[in-house]
Protein chains: 4
Amino acid sequence: MHKGRLEAFSDGVLAIVITIMVLEMKVPHGDGAHGAEFADLHRLWPVFSSYVLSFVYLGIYWNNHHHLLQAVTRIGGGVLWANLHLLFWLSLLPFATGWMGENHFAAATVVLYGGVLLGAALAYHVLVRALLAHHAADSPLAQAIGADRKGKLSLVLYLVGIALASWQPWLAVGVYTAVALIWLVPDRRIERTLAH
Amino acid sequence: MHKGRLEAFSDGVLAIVITIMVLEMKVPHGDGAHGAEFADLHRLWPVFSSYVLSFVYLGIYWNNHHHLLQAVTRIGGGVLWANLHLLFWLSLLPFATGWMGENHFAAATVVLYGGVLLGAALAYHVLVRALLAHHAADSPLAQAIGADRKGKLSLVLYLVGIALASWQPWLAVGVYTAVALIWLVPDRRIERTLAH
Amino acid sequence: MHKGRLEAFSDGVLAIVITIMVLEMKVPHGDGAHGAEFADLHRLWPVFSSYVLSFVYLGIYWNNHHHLLQAVTRIGGGVLWANLHLLFWLSLLPFATGWMGENHFAAATVVLYGGVLLGAALAYHVLVRALLAHHAADSPLAQAIGADRKGKLSLVLYLVGIALASWQPWLAVGVYTAVALIWLVPDRRIERTLAH
Amino acid sequence: MHKGRLEAFSDGVLAIVITIMVLEMKVPHGDGAHGAEFADLHRLWPVFSSYVLSFVYLGIYWNNHHHLLQAVTRIGGGVLWANLHLLFWLSLLPFATGWMGENHFAAATVVLYGGVLLGAALAYHVLVRALLAHHAADSPLAQAIGADRKGKLSLVLYLVGIALASWQPWLAVGVYTAVALIWLVPDRRIERTLAH
């Protein structure tokens with residue numbers, strides 16, 4: 001089975017998810033007139049900052065997905081569904097982003113946002129496992145994944161963030177941002193292994 | 001004629017259809033404040049569960065479409081329109097999903113949802129016939145399709161679901177879910193034949 | 001210059017345009033309750049029928065664009081802009097469709113719809129000219145286009161439709177539908193020439 | 001690393017951004033009835049004209065991105081992020097376009113629009129630098145970019161436009177339009193160098 005259409009479909013979904021998040025950022029309407037002042041814009045900052053965070057996350061997923069599939073040589077039916085499962089969680093991000101932004105990072109919304117991030121991370125983990133099942137233990141893919149310390153650390157941090165969210169939402173947002181910063185460095189493991 | 005652009009266009013439409021369904025899941029707005037409680041989220045469960053069902057259906061169609069076209073070697077003008085006809089029915093799914101979800105699976109909405117599923121299934125059947133017309137009876141495609149028992153069973157089940165919907169909408173939703181489960185196993189017939 | 005990205009970008013825009021038209025078909029909301037009756041659906045028929053007409057038109061453009069570019073061997077900078085110009089007119093179709101559908105084919109809306117169709121047809125004509133400028137008079141492309149009788153007839157019929165619209169909107173819609181039926185047969189000229 | 005998926009993802013995002021701008025152009029609803037007169041349409045002209053300007057800008061970016069990546073032979077992880085950074089700014093254009101159009105080119109909205117254009121131009125500049133870091137000084141890419149006078153002039157003109165906007169918004173819109181006209185001619189530098 002060829003990986004070309006899997007990549008094309010994933011690129012399509014990720015491109016759309018990353019773009020429709022902007023639709024959650026509604027053009028400000030004031031009372032009577034339309035709201036054409038910078039003050040109207042200023043009120044949008046929680047929506048905008050949650051958009052930026054989600055944009056970075058989706059960029060990370062696209063980057064890692066891109067690196068991951070470059071090391072892949074064979075895919076099977078299970079991989080198609082593992083990939084769709086990842087896309088499902090990522091498709092929920094615009095909703096979670098909008099809810100969190102419009103409610104100024106209220107506790108419940110930050111819990112949901114963390115839950116979606118956790119779901120996507122677990123789905124990515126499942127996708128990696130499904131791919132490894134088609135590759136030998138000494139394949140470039142298996143070597144590139146290795147112990148996957150960054151992936152495991154992220155899962156722990158998401159759980160910490162979710163636990164913190166009900167008590168201190170802002171701290172949780174800080175944790176989510178920290179995870180994004182950890183990943184912002186693209187997956188050099190795979191890049192390094194492929195370069196050999 | 002090359003099948004590359006047919007695949008690319010279909011991937012594009014399916015990726016968009018699967019993603020805009022999330023737009024039907026409106027960020028909850030409460031009275032006065034915005035609705036930042038889990039209770040506000042809880043009210044969305046019919047919308048969410050119908051989204052999940054439609055996501056799975058679109059995943060199934062993408063998967064089967066992917067398998068189908070891999071076995072295809074030649075396409076003609078009729079195939080382009082048969083494919084567009086399938087995409088037309090699938091493009092109605094977000095609307096049917098939103099209507100069913102927002103109305104808590106009311107009878108009429110479940111009938112419509114089943115009707116769209118039936119239309120898509122018939123359109124897929126027509127697409128398969130249009131493709132078979134370009135391939136010999138002993139081609140990998142023809143062998144892979146075979147008697148298409150799963151396809152015929154689905155058509156019957158959709159009709160059963162639609163008939164049940166006015167009387168017991170929930171039973172109908174159960175039937176639609178059962179059809180999805182039948183298909184969740186990707187089309188191993190084609191995979192097996194191609195592997196030979 | 002390679003035509004691959006031109007095709008990919010055009011496929012992307014057409015796939016999105018064809019899909020966001022469904023967003024104009026708003027899930028019906030009744031008074032108090034949500035509007036879960038077939039009667040609520042029935043009120044949507046002008047929106048739905050205008051959606052079907054536009055879907056067919058976009059399918060025709062995608063089909064002809066696909067055939068056209070298959071015969072093309074060289075593209076230049078001018079072609080990129082001629083193609084964007086065509087996509088511009090097609091991107092206006094969801095708006096024109098929504099306006100016409102929501103207003104039950106009122107005169108002004110039918111005039112605008114015809115105007116967008118006319119603009120798209122002229123833009124397609126310009127694109128064909130821009131492509132011919134890069135190909136010899138005896139190239140497959142030039143032979144396949146030929147006298148372009150169907151294209152010229154369509155321009156005349158759009159003008160007739162627009163002229164009729166203020167007086168008899170339904171007659172104009174009939175003319176637009178007739179043009180779609182003329183084109184529904186994919187451009188066999190190119191197919192035939194390429195088959196040689 | 002292959003540039004194919006980078007191009008496909010960028011094409012996807014740009015195709016979506018260019019298309020969802022139309023969603024900001026809401027179908028006009030009058031009082032009581034729907035607003036099916038040309039007068040209702042006429043009220044949309046600021047929205048429409050800002051849509052046209054943004055469409056042209058996105059067309060320019062797609063064109064230049066297309067030319068730029070054709071001259072590229074190698075990409076690295078930094079390029080992926082530089083590209084996402086460019087897409088981020090371009091994804092803000094529908095919002096800025098809608099805000100400016102709906103508020104009839106009010107001062108603050110024109111400042112924001114110029115700011116987004118400036119951000120996108122800087123991001124494009126960063127992307128070019130990131131690409132040059134992977135290519136020799138005498139590579140086709142480096143020769144094609146050259147002194148990048150048009151890029152530098154644009155940055156200055158955006159700043160002039162932003163400075164003018166608070167005082168004379170229309171003058172600023174004129175400056176933005178002038179920059180678009182400068183770029184409407186596709187990047188012949190790269191085309192010429194590649195032709196050698």
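1. Start with the contacts inside chain A. If you take pairs of residues at least 6 apart in sequence, 77% of their contacts join residues at least 24 apart. Bear in mind throughout that this is a predicted model.

2. On secondary structure, chain A has ten helices and zero strands. Reading along the sequence, you get α-α-α-α-α-α-α-α-α-α. The C-alpha trace of chain A spans about 65 × 35 × 30 Å along its principal axes. As for burial, 48% of the 196 residues in chain A are buried.

3. One residue to click on is Ile16(A), which sits in helix H1 (residues 4–20) of chain A. Is Ile16(A) buried or exposed? Ile16(A) counts as buried because 29 C-beta neighbours lie inside 10 Å, and the cut-off for that label is 20 or more.

4. What does Ile16(A) touch, once you leave aside its neighbours within four places in sequence? The contacts are Ala15(B), Ile16(B) and Thr19(B) in chain B, plus Ile16(D) in chain D. For a distance within chain A, look at His125(A): 109 residues away from Ile16(A) along the chain, with 23 Å between the two C-alpha atoms.

5. Now the interface between chains D and C. Here 24 residues of chain D are in contact with 25 residues of chain C. On the chain D side, helix H1 (4–20), helix H2 (38–42) and helix H3 (45–70) each supply at least two residues. Which helix gives the most? That is H1(D), with eight residues. By residue type, the chain D side divides into 14 nonpolar, six polar and four charged.

6. Some pairs of chains don't touch. Chains A and C are one such pair, with their nearest C-alpha atoms 9 Å apart. Chains B and D don't touch either, and their nearest C-alpha atoms are also 9 Å apart.

7. On symmetry, you can superpose chain B on chain C with a rotation of 90° and 0.0 Å of shift along the axis, at an RMSD of 0.0 Å. The two copies are therefore related as by a four-fold rotation axis. Which C-alpha of chain B is nearest the axis? It belongs to Gly12(B), 4.3 Å from the axis.

8. Last, how do chains B and C meet? Only 12% of the interface residues of chain B are also interface residues in chain C, so the copies meet through different surfaces. If you're comparing the two chains by eye, keep that point in mind.

Terms used:
Residues numbered from 1 in each chain as written. Chains lettered and ligands numbered in written order. Predicted model: local features only at pLDDT ≥ 70, side-chain atom pairs only at ≥ 80, totals over all residues. Helix = DSSP H or I, 4+ residues; strand = E, 2+ residues; numbered from the N terminus. Buried ≥ 20, exposed ≤ 12 C-beta atoms within 10 Å, placed from the backbone. Contact = placed C-beta atoms within 7 Å. Nonpolar A, V, L, I, M, F, W, Y, C, P; charged D, E, K, R; others polar. Least-squares fit on C-alpha atoms with pLDDT ≥ 70 in both.
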